[in-house]
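Colleague: I'd like to go through this one and ask how you back up the labels you use. Can we start with the aromatic rings?

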Amino acid sequence: MFLWLVVIVVVAYVVCLKCIYYRHRRSLKHGISALPSLGRHGVEIECLVVTAHPDDECMFFGPAIIRLIECNVSVHVLCLSEGNYYNEGAQRKQELFNSCAKLGIPSSRIAILDHKKLPDDPKAEWKVSLVASIIAKHLRAGAFNMVLTFDGRGVSGHSNHVTIYKAVRHLASTDQLPNDCRLFSLVTVGLLRKYVSFFELPLSWLLPSSLCCIVGAKGYRQCKVSLEHTGCHALSSHSTCLVSVSVHHLLALHVCQHIPDDSTRTKG
């Protein structure tokens with residue numbers, strides 16, 4: 001009797017996962033187009049993913065990038081350092097291009113910086129003003145209406161990640177962004193949620209978020225291959241396994257108090 005109960009629970013859970021997955025496959029594009037200024041008729045979505053180091057794009061943003069590209073979003077990557085912490089900057093730069101190619105991002109949409117004031121070092125404090133000015137310059141040079149980056153805890157806690165979030169938040173609070181640009185951030189979760197793989201899927205689906213990017217077996221393999229090109233093989237459900245971390249509307253959640261008069265930019 002107990003064995004049958006276990007079988008029924010497992011089957012019900014698998015059915016639940018499949019329902020969530022297929023419903024998500026149908027709803028993600030609608031979810032993007034429902035946001036202000038994104039997905040309007042005749043307007044292409046240009047997304048800029050802002051990272052700190054080579055391998056961030058696949059370790060943290062892999063599923064989100066894959067799903068966005070599947071929804072015909074033009075994804076670009078701005079990496080603020082070459083990842084030269086172990087004096088392997090040239091190698092890691094090439095790994096970034098290889099990784100992005102596997103994710104579906106051509107080299108023409110990748111910008112990687114080598115700035116002496118932005119070293120790859122968790123002990124080095126990047127200046128928020130400098131990072132903000134670099135991101136703002138990059139946004140002005142393109143036609144981006146969507147930005148995706150880390151949240152206030154940096155996903156992994158790396159200080160460089162946190163600085164990028166502070167810089168983007170500063171741009172939003174000081175009204176230095178294009179009027180139609182929407183900001184999103186990954187959500188930092190605990191270690192348990194990171195590594196329980198597909199068991200975490202219902203929780204990510206049910207918790208409030210603007211976007212939840214889920215990939216299946218094909219996307220998982222694509223993420224894994226991308227990650228292997230960086231020399232890193234660690235997989236978690238919130239990096240390159242089944243579920244990307246839930247993506248929240250950064251303006252609505254974090255900086256609406258700084259721009260109270262601009263209601264069109266603070267609603268998700």
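Modeller: Sure. The count comes to two aromatic pairs, going by the rule that rings of Phe, Tyr and Trp (its six-membered ring) pair if their centres lie within 6.5 Å, with planes under 30 degrees apart called stacked, over 60 edge-to-face and the rest tilted. One pair is phenylalanine 60 with phenylalanine 150, at 5.8 Å centre to centre and 75° between the planes.

Colleague: Before we go on, what sort of model is this, and how are residues and side chains handled?

Modeller: It's a predicted model, where local features need pLDDT of at least 70 and side-chain atom pairs count only at pLDDT 80 or more, while totals for chains, interfaces and linings use all residues. Residues are numbered from 1 along each chain as its sequence is written, and side-chain values use heavy atoms, leaving out hydrogens and water.

Colleague: Okay. What makes phenylalanine 150 buried?

Modeller: Buried means under 20% relative accessible area, exposed over 50% and partly exposed in between (1.4 Å probe, protein chains only). Phenylalanine 150 has 0%, so it is buried. Phenylalanine 60 comes out at 9%, so it is buried as well.

Colleague: And why is the pair of phenylalanine 61 and phenylalanine 150 called edge-to-face?

Modeller: Their ring centres are 5.2 Å apart and the planes sit at 70°, so the pair is edge-to-face. Phenylalanine 61 is in the loop between α2 and α3 and phenylalanine 150 in the loop between β4 and α6, so the pair ties together parts 89 residues apart in sequence. Ring pairs link Phe60, Phe61 and Phe150 into a cluster.

Colleague: How do you know that asparagine 160 is buried?

Modeller: Its relative accessible area is 0%, so asparagine 160 falls in the buried class. It lies in helix α6 (residues 159–173); helices here are DSSP runs of H or I with at least four residues, strands are runs of E with at least two, and both are numbered from the N terminus. Setting aside neighbours within four places in sequence, asparagine 160 has contacts (heavy atoms within 4.5 Å) that include His53, Asp120 and Trp126.

Colleague: What makes helix α3 mostly covered?

Modeller: Seven of its nine residues are buried, among them Ile65, Ile66 and Leu68.

Colleague: Which residues have pLDDT under 50?

Modeller: Residues 233–268. pLDDT is the predictor's confidence in each residue, from 0 to 100, and the protein averages 75. Where pLDDT is low, the predicted coordinates should not be read in detail.
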